[in-house]
Amino acid sequence: MTELQEVQQLELLCKHLYESGNSAVRADAEKALVNFQNAPDTLAKCQLLLDRGDSSYAQLLAATTLTKLVSRSAQGLSLQQRIDIRNYMLNYLATRPKLANFVVQALVTLFARITKLGWFDVDKDENVFRNVIADITKFLQGSVEHCMVGVQLLSQLTCEMNQISEADASRSLTKHRKIASSFRDTQLFEIFRLSCTLLGQARENCKSLNFNDESQHGLMTQLLKLAQNCLTFDFIGTSTDESSDDLCTVQIPTSWRPAFLDFATLKLFFDLYHSLPTSLSSLALSCLVQIASVRRSLFSNTERAKFLTHLVNGVKNILQNPQGLSDPANYHEFCRLLARLKSNYQLGELVMVENYPESIQLIAKFTVESLQMWQFAPNSVHYLLSLWQRMVASVPYVKATEPHLLETYTPEVTSAYITSRLESVAVVVREGLEDPLDDLGMVRQQLEQLSVIGRCEYQKTCSLLVQLFDQAARSYQELAGNMAQTMNITIQEGRLTWLVYIIGAAIGGRVSFNNNEDHDAMDGELVCRVLQLMNLTDSRLGQSGCEKLELAMLSFFEQFRKIYVGDQVQKNSKVYRRLSEVLGLSEESMVLSVFIRKIITNLKYWGRSEQIISKTLQLLNDLSVGYSCVRKLVKLEEVQFILNHHTSEHFPFLGNSAAISEMRCRSMFYTSLGRLLMVDLGEDEDRFDNFMMPLTASFESIGQMLSSSKSNLFPAEEAKKSLIGLARDLRGLAYAFNTKTSYMMLFDWIYPAYTPIMLHAIELWFHDPQVTTPVLKLFAELVQNRSQRLQFDVSSPNGILLFREASKIICTYGERILSVDISKDQIYPMKLKGIAICFGMLKAALCGSYVNFGVFRLYNDEALDNALKTFVSMLLAIPQSDLLDYPKVSQTYYVLLECLAQDHMSFLASLEPNVFLYILSSISEGLTALDTMVCTGCCTTLDHIVSFLFKQLTHKGKKSRRASVNHREGEVFLQVLEQHPEILQQILSTVLNIIMFEDCRNQWSMSRPLLGLILLNEEYFNQLRESIIRAQLPDKQPAMAQWFENLMDGIERNLLTKNRDRFTQNLSTFRRDINDSLKGPNMAAVASGSDMMTS
């Protein structure tokens, strides 16, 4: 096939990929194009595709392929090739003005990527990729189309410099920051000023511009985006999470001060908002949001006051001419701007602004109107409430003499929120709209803000809530039982739901404020009403119930518990006085009795609602944690009732009729019961046996069912469900029993009577994670030495017996699960999850310090060897990429490996070469993991292995009386590494690379294995050192050589603690010297040394 035919074929494949309706044709085309992108002669073909320009899709392919080529690695293309690509691409964009938008975007991305990656490249003493402004100014002086491309180039470059792409992720993060910092210091301000100049010209000519013209509209969009990208640049490398948007401060460099001190920039964007059409004005507001968030320290106090005055006046003008705010995008950005007024400035500064009284009145009016229009842009309400929340929270700290007027306007905001939510209910019910109460995340967030806002002029808030609650409760009581009024009942239930949520939030708001007895009395009024409503709704649960109202009640109870129940609360609070007067609840234990009765009622009647059950059990769990609270609870009849009647007859969610997915919450239930039982349990075995009777009966029943597992009458589903529930129950108890006495009662109960049943279940259902996960997690909990509960007596064999059972479970599950073929998309739930739990179980048992593992080999007991062999089999069944792809697998594997390297090195030394190499390879991968725990664990494991190897090597030539099995195994170990020296060399270069060039978060851990690696690979280390030194610029080479010299200064050829500590200190100085040098302009040479080491 000729070159031309090949190119035509590629164009055809592109057409198939993007236009064909046949998925098989598209898949074939995609496969062929991926092969093309990886072919050796790709570069020339890309140029041909671009030169022909017959197909936009082919141009897109060429641009994206070139971007991939450039991103892959610096060695892939020479410096001259990259310069040629950049120049060709700029020329291509300049000479072809009619390219499709997506092609322009792809070429612009290529320009940005190639510029970023070559930022420090030098040719003939010139940074060849840095003359950005000069090259792009030619575009800006051309037609509208050229100007738009020029702005796009600058905009994309700013974005590219700011974000960590896949290309950067595989390289050094530190290198990314150095490039971004250099760009910020040398180009960014100039680009921002250029965007402001062009926007200023557009403002002057606004009347003559035709925004219906696509190219003029496009140019304006790109200009505003360019300004926005400059202002959202990550100036100090914090990479803030976008979800924390409202807390953001823009860390503008000091050199930018002139742009903000003359207020022309601020005025420019306010003017643009007023003069641009709504399709563009939201971008101007977005820029204003960033300008309003400029760091406070950029200004002196007087400068900041002037700047804030201009900002508040600009906001006031928008509120006086609010036409543009009917556009949702404008409205959203304006709400963000209002929130930034308080997040970046103090209330004391705001009240000193000349037009503050007028402005706060307008903001309050806008907020009230916004809250009343609850269907319009609900996601923006958060910002408005955030403004008021912060202002109210600041009131105690204001020292200014000017009035803040919040006591006048805040009650209006509180009232608007409450009344608008209540009014929304009827509309939602009658018109079948989406209910805001379904989005509990948003409701909770808004209520947290309201809890602070409502505490301003709290008497007014409470009076309103009491009035509205009494009205709604009266209507509800009148309608209750009247089936003909279903819709009206639903409306009243919805209104009461909102009120109960809001009352809970109001009570929860007490935390933030000083104690005030009058406020506590008001809280008492509100609490009494909710408890009276609860009595009414609970009495009707036999006929009907409202799930949303019950969830609101639970939210209320949670807030009430935090503030008025527990160890830290004053019991003489006026809340209790009011509760005593109205409901006869004169002390905390009587209130706790109400809590427990509510919990029992919910567990009895709401078994069908997983949400209510799980939140009810969370409340019980929270109550059972407090020291004094749990002792009061145990004295209650209601709690004794639960402890003596925890069966499905009384609590339907414990029965087999519940869905398997809903059984998860049973562990939490039994954890709470376990804590309550332990208060007075002591050594009373009869009491324990009585408590366990339902679980004993359940185990006996399952045992009988499993004994007939081979007959046709075997009730498999019933047995499976019973076992899943029981395993979850026992895991909850095992977690709660964290004392030696209580744990031993549980252990004697379960072993040896019932552990065989669990083992049988694993044999039967090993392929079903719904069964294996709870059973394995139960055993993982049993072997966990929580609070040192597994301290067996000197004459007790229980530690060994417990490990044997764990070993049997691990081996039974491991052998069987490895025989099952599982598709890639199901690999985690069906296989890896169970394996990860087994790893965790084995680690807990090995590190629990309750078994002397030397005993097993001494008496030829294979329990330990079998468990370790199964671990190896399971490990080899996991593809290495999956180890780090699934966090739960990597976390359990690496901590287990650390434990094995620390206490069972003889086992690791006896492994087959392929297994040992797999483990070393996994350590090498783990060293670069993003999870610091994994990385630190790898360092510790590596340290143990390297220390063992070094010890074996130093003992090799000596005659020793200790020439034991350990020594022979060590020799096998050494032979493997002699045949494969590259693996430790690779690890050495990885560790050194991370310490020298990466953002090393655990330097001490990294330093520990490094000395051993150097001593084991001295020749390779010397080569590595020489290549790094040679990679520097000539004038920097002596300094680098000296730093390496200092690194090994005073270091002896041993791994004694004193020598290691000296090396760690040297390494700290070495890293600091390297980092200081990287801040200089010779970054390119050092970075290329880094690439050499990781290639």
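Let me start with Trp 388, which, once residues up to four places away in sequence are left out, touches Ile 360, Ile 363, Ala 364, Thr 367, Leu 406, Tyr 409, Thr 410, Val 413 and Ile 453. Please keep in mind throughout that this is a predicted model. Trp 388 is also one of the residues that touch the most other members of the largest nonpolar core, a set of 381 residues, and the others named with Trp 388 in that respect are Phe 260, Phe 269, Leu 730 and Phe 803. The largest share of this core comes from helix α38, residues 827–846, which contributes 13 residues.

Two of the contacts of Trp 388, Ile 360 and Ile 363, bring me to the empty space in the model, since both of them are found in the lining of the largest cavity. Rolling a probe the size of a water molecule over the atoms shows where empty space is left. Searching the whole structure gives 7 cavities of 30 Å³ or more, and the largest holds about 80 Å³ of space. Besides the two isoleucines, its lining includes Val 312, Leu 341, Leu 350, Tyr 356, Ser 359, Leu 387 and Met 391. Helices α18 (356–372) and α19 (381–394) each supply at least two residues of that lining, and α18 gives the most, with 4 residues.

What classes of residue make up the lining of the largest cavity? There are 8 nonpolar residues and 1 polar residue, with no charged residues. The second largest cavity, with about 70 Å³ of space, has a lining of 4 nonpolar, 3 polar and 3 charged residues. Among the residues that line this second cavity are Glu 493, Arg 540 and Glu 550, together with Tyr 476, Thr 537 and Cys 546.

I would now like to turn to two buried polar side chains. Asn 330 lies in helix α16, residues 328–344, and Asn 330 counts as buried because its relative accessible area is 0%, under the 20% cut-off. Where does the side chain of Asn 330 find a polar partner? A polar atom of that side chain lies 2.9 Å from the backbone nitrogen of Ser 282. Leaving out residues up to four places away in sequence, Asn 330 touches Ser 282 itself, and also Tyr 273, Thr 278, Ser 281, Leu 285, Gly 324 and Leu 325.

The second case is His 646, which sits in the loop between α30 (637–644) and α31 (666–681). His 646 counts as buried because its relative accessibility is 2%. Here a polar atom of the side chain lies 2.8 Å from the backbone oxygen of Phe 691. Beyond its neighbours within four places in sequence, His 646 is in contact with Phe 691, and also with Phe 651, Leu 654, Phe 669, Tyr 670, Leu 673 and Pro 694.

One helix deserves a separate word, namely α35, residues 755–765, in which Thr 755, Ile 757, Met 758, Leu 759, Ala 761, Ile 762 and Trp 765 are buried. These buried residues pack against α32 (685–707), α33 (716–736), α34 (740–750), α36 (769–782) and α37 (798–817).

Finally, the overall picture. The protein has 52 helices and 2 strands, and its C-alpha trace spans about 90 × 90 × 65 Å along the principal axes. Of its 1095 residues, 55% count as buried, and of the contacts with a separation of 6 or more, 77% are between residues 24 or more positions apart.

Terms used:
Residues numbered from 1 in each chain as written. Heavy atoms only, no water. 1 Å grid on protein atoms, 1.4 Å probe; cavity = no way out; pocket = protein on both sides within 12 Å on 5 of 7 lines; lining within 4 Å. Points joined across faces, edges and corners; volume = space filled by probe spheres on them. Nonpolar A, V, L, I, M, F, W, Y, C, P; charged D, E, K, R; others polar. Core = buried A, V, L, I, M, F, W, Y, C linked by side-chain atoms within 4.5 Å. Buried < 20%, exposed > 50% of the residue type's maximum accessible area, 1.4 Å probe, protein only. Contact = heavy atoms within 4.5 Å. Polar contact = N/O pair within 3.5 Å; in protein donor to acceptor, adjacent residues only side chain to side chain.
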